[in-house]
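Visitor: Please take one part of this predicted model and examine it closely. I should like a connected account of the pairing there, residue by residue where possible.

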Amino acid sequence: MRRRSIAITLAAVLGTILPTGGGQAQALEEKAQLCAACHGKSGIPLQKAFPVIWGQYQGYLYLQLRDYKSGARKNDIMSPLAQTLERDDMMALALYFSQKRWPDLQQPGAPADVAKRALQANTSVGCTGCHQSEYQGEGTQPRLAGQSQEYLQQTMMDFRNRTRGNNPGMTDLMLATSVEDLEALAQYMAGLQYRAGQ
Amino acid sequence: MTRSALIIAGAIAFAVSSTSVAQEVKQEARPATTKPSITPSNVTQEMLSRAAGDSSNFLHTNGDYTQRRYYPNAQINTANVRRLHPAWMFQTDVRESLETSPIVVNGVMYVTTSFSQVYALNAQTGEQLWYYKHPLGPITTYCCGPNNRGVAVFEDKIYLATLDAKLVALDAKTGNKVWQSDIADPELGYSETMAPTVVKGKVLIGTNGGEYGIRGFVKAYDAKDGKLLWTFNTIPESSVGVWAEKDATGRDMHRNIQAEKDELAKIGDPYKTLGGGVWQNPAVDLATNRIFFVVGNPSPDLDGSLRPGDNLYTDSLVSLDLDTGQYVCHFQYIAHDVWDLDAVSPPVLVDVRDKSGRLISGILHAGKTGHVYVHDRKDCSLIRFSDAMVPQENMWTLPTPEGARMLPGANGGVEWSPVAVNPQLGLTYAINLHQPMTYTVTSAPYPNGKLWLGGAFKVIPGEEQAGNVTAVDYNTGKIRWQVKTPQPMIGGILATAGGLVFTGEANGRFRAYDARNGNVLWTFNAGAGVNAPPSSYAVGGKQYIVVGAGGNVQIDSKRGNAIIAFTLD
């Protein structure tokens with residue numbers, strides 16, 4: 001319930017800011033402050049279950065906002081927020097966060113046995129075919145390297161049990177991968193370092 | 001600065017195999033500045049039409065309009081190839097999957113990298129002339145890596161298709177953009193990785209997106225200004241077909257035709273999101289003014305329940321009239337494909353023996369099934385199919401929710417890799433993958449611009465993966481020779497009048513084979529996956545072989561960023 005009330009409040013505030021048009025840079029900054037309530041003022045999320053969005057790709061962030069609005073992806077906080085946004089607003093917000101510096105969550109590299117398991121799982125289902133070498137992502141494929149381990153783990157499980165429904169291809173791949181392998185992948189990807197995109 | 005042009009009669013640490021190469025690596029590098037600067041010159045239609053006999057340039061992605069990848073220069077040959085060594089190496093700024101076919105025009109080489117970037121190089125020295133970094137839009141939706149397979153050239157421009165589904169014309173002298181056209185909306189799942197083909201003032205381009213619920217096409221644009229001239233939808237509004245129960249080789253595909261008909265009555269023709277990408281260049285028959293290309297898989301790849309019917313023209317060879325884009329004929333290899341064993345490798349025009357032994361105008365296509373298919377060019381009909389080049393097991397077992405094992409795996413057979421032909425020997429050369437996989441099916445509606453596979457293909461851990469180079473006699477369908485490789489093969493192949501066949505491997509090996517018998521005559525290790533088609537050219541009276549070594553996303557081979565040119569001296 002508390003989450004929902006936060007969402008309604010944020011949505012109301014976003015709705016008053018976004019359509020105004022004038023002073024776009026200032027409006028963006030103000031919107032970003034709202035996002036910081038969960039995703040962090042310095043890009044480090046307030047809870048480990050929240051994703052890093054600073055430095056994430058514009059295309060990916062836009063698609064998530066689009067899907068929250070359409071209902072393809074559901075979240076008590078994000079879904080009502082997205083209802084207030086038009087395509088241009090989503091693109092602008094996504095661009096704003098994509099230009100921020102990806103934060104270092106200080107997550108340790110995976111031990112050798114975990115890394116080996118993760119690499120083997122990737123060989124089997126080909127994660128890096130979309131998420132790129134070292135899971136750095138590109139365009140609409142999110143960067144996973146250095147993302148919060150807890151968020152990665154939860155997201156892969158959400159795909160697996162269809163709680164997250166906006167990418168059935170990911171559901172198929174997660175179902176083709178054992179839970180133990182997903183745990184290894186989450187730990188491995190979280191421990192990878194940020195590398196600048198192309 | 002990660003980029004450098006090196007004149008290396010030496011300096012490359014990975015050279016192996018022959019003593020002459022070992023000696024070369026001890027020599028000092030010569031400075032690039034001693035080479036004269038060069039200026040690109042116009043490419044006429046006559047040059048493009050006669051490329052098959054041009055022993056200096058490499059003007060088409062697959063050599064010439066027939067796409068034989070048979071280079072007519074014999075200076076490098078079976079007798080001297082052991083002395084082949086690096087002439088120079090150029091490092092691009094992009095260390096990611098490299099599938100480019102180098103194009104060479106009067107001493108200027110054009111190569112592309114992942115993320116749709118272009119370099120113009122001095123083909124004699126490797127010196128960079130200009131660099132174009134395409135500003136990708138925020139939305140890119142693609143399968144199998146951010147690849148680009150090269151440019152097309154015509155008159156004073158070069159043509160590039162980009163990951164965000166644009167067609168771009170650049171000034172060949174400067175790399176400055178001349179015009180840009182939108183091909184399709186990337187948010188709907190469209191992207192471009194293929195090189196365009198230019199013929200008679202038209203720029204021809206297909207589309208990726210068979211994993212995204214698109215409606216595929218081939219489009220023709222005016223080479224002068226980028227205006228759209230015609231569009232051929234690879235998925236007709238009536239995509240149902242004839243309810244074929246057997247594939248091109250006569251094997252039962254285990255379709256539940258009644259269930260499909262029931263579904264069709266409920267949902268109607270599924271043509272709007274049926275896929276049918278065109279990944280590779282069309283062959284052009286200048287005599288009949290027709291083009292021939294192959295169409296990829298239906299969407300979603302593994303779930304047939306959402307797309308009743310034969311899913312025309314997926315998994316097919318298709319021919320069109322060049323001037324109008326009107327349909328001429330087609331041949332479907334697999335109707336209602338639920339394995340993604342589609343048609344990707346570019347077709348080749350060559351004279352073949354028909355069933356009565358008469359020499360006729362033919363077409364070859366190497367399929368992901370592992371067969372080389374031989375067609376009559378007149379009506380696209382099938383004359384014969386070759387021996388299987390890879391193990392085939394449990395064909396056609398339907399995908400299941402638990403996962404069903406079947407060979408070939410979903411990458412083939414022959415993937416997008418172009419084949420080569422030696423018309424004197426009557427052989428075509430193909431590189432293959434052997435990847436045992438399970439095919440799993442699940443059902444979900446199209447997720448609006450996201451990957452839509454309808455299940456998963458999964459490599460089976462513990463089962464051996466491998467590859468091969470195979471020479472097929474296209475007049476009999478028999479395998480003439482085959483060389484196994486330790487990894488699955490993706491990239492491409494080049495045959496030459498010197499009696500050679502060149503191709504690379506995921507482990508970095510780049511090799512020359514004797515075209516007659518497959519004997520390995522030369523090996524070089526590039527230090528990264530050689531998963532790109534080689535080209536050849538001549539400058540200053542010297543023949544060169546050139547290839548990219550940058551690895552590959554699809555088989556996850558070691559990444560790199562090198563363009564390496566080899567020569568004798």
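Guide: Two strands count as paired if DSSP finds at least two bridges between them. Strand 33 (residues 509-514) and strand 34 (residues 520-525) of chain B are joined by 5 bridges, in the antiparallel sense. Within this pair, B:F510 of strand 33 has B:F524 of strand 34 as its bridge partner. The two strands of chain B form a hairpin with 5 residues between them. In this hairpin, B:G518 adopts a positive phi near 85°.

Antiparallel pairing also appears elsewhere in chain B, in an open sheet of 4 strands. The order across this sheet is 16-17-18-19. Its edges are strand 16 (283-285) and strand 19 (327-332) of chain B, each of which pairs on one side only. Neighbouring strands of the sheet are turned by 20° against each other on average, if direction is ignored.

At one edge of the sheet, strand 19 of chain B is held against strand 18 (residues 316-321) of chain B by 5 bridges, and the two run antiparallel. Here B:S316 has B:Q332, in strand 19 of chain B, as its bridge partner. In general, the strands of a sheet pair through backbone hydrogen bonds, in either a parallel or an antiparallel arrangement. For chain B, the antiparallel arrangement describes both the hairpin of strands 33 and 34 and the open sheet of strands 16 to 19.

Note on methods:
Residues numbered from 1 in each chain as written. Chains lettered and ligands numbered in written order. Predicted model: local features only at pLDDT ≥ 70, side-chain atom pairs only at ≥ 80, totals over all residues. Heavy atoms only, no water. Axes fitted to C-alpha atoms, helices over the stretch in contact; angles between N-to-C directions.
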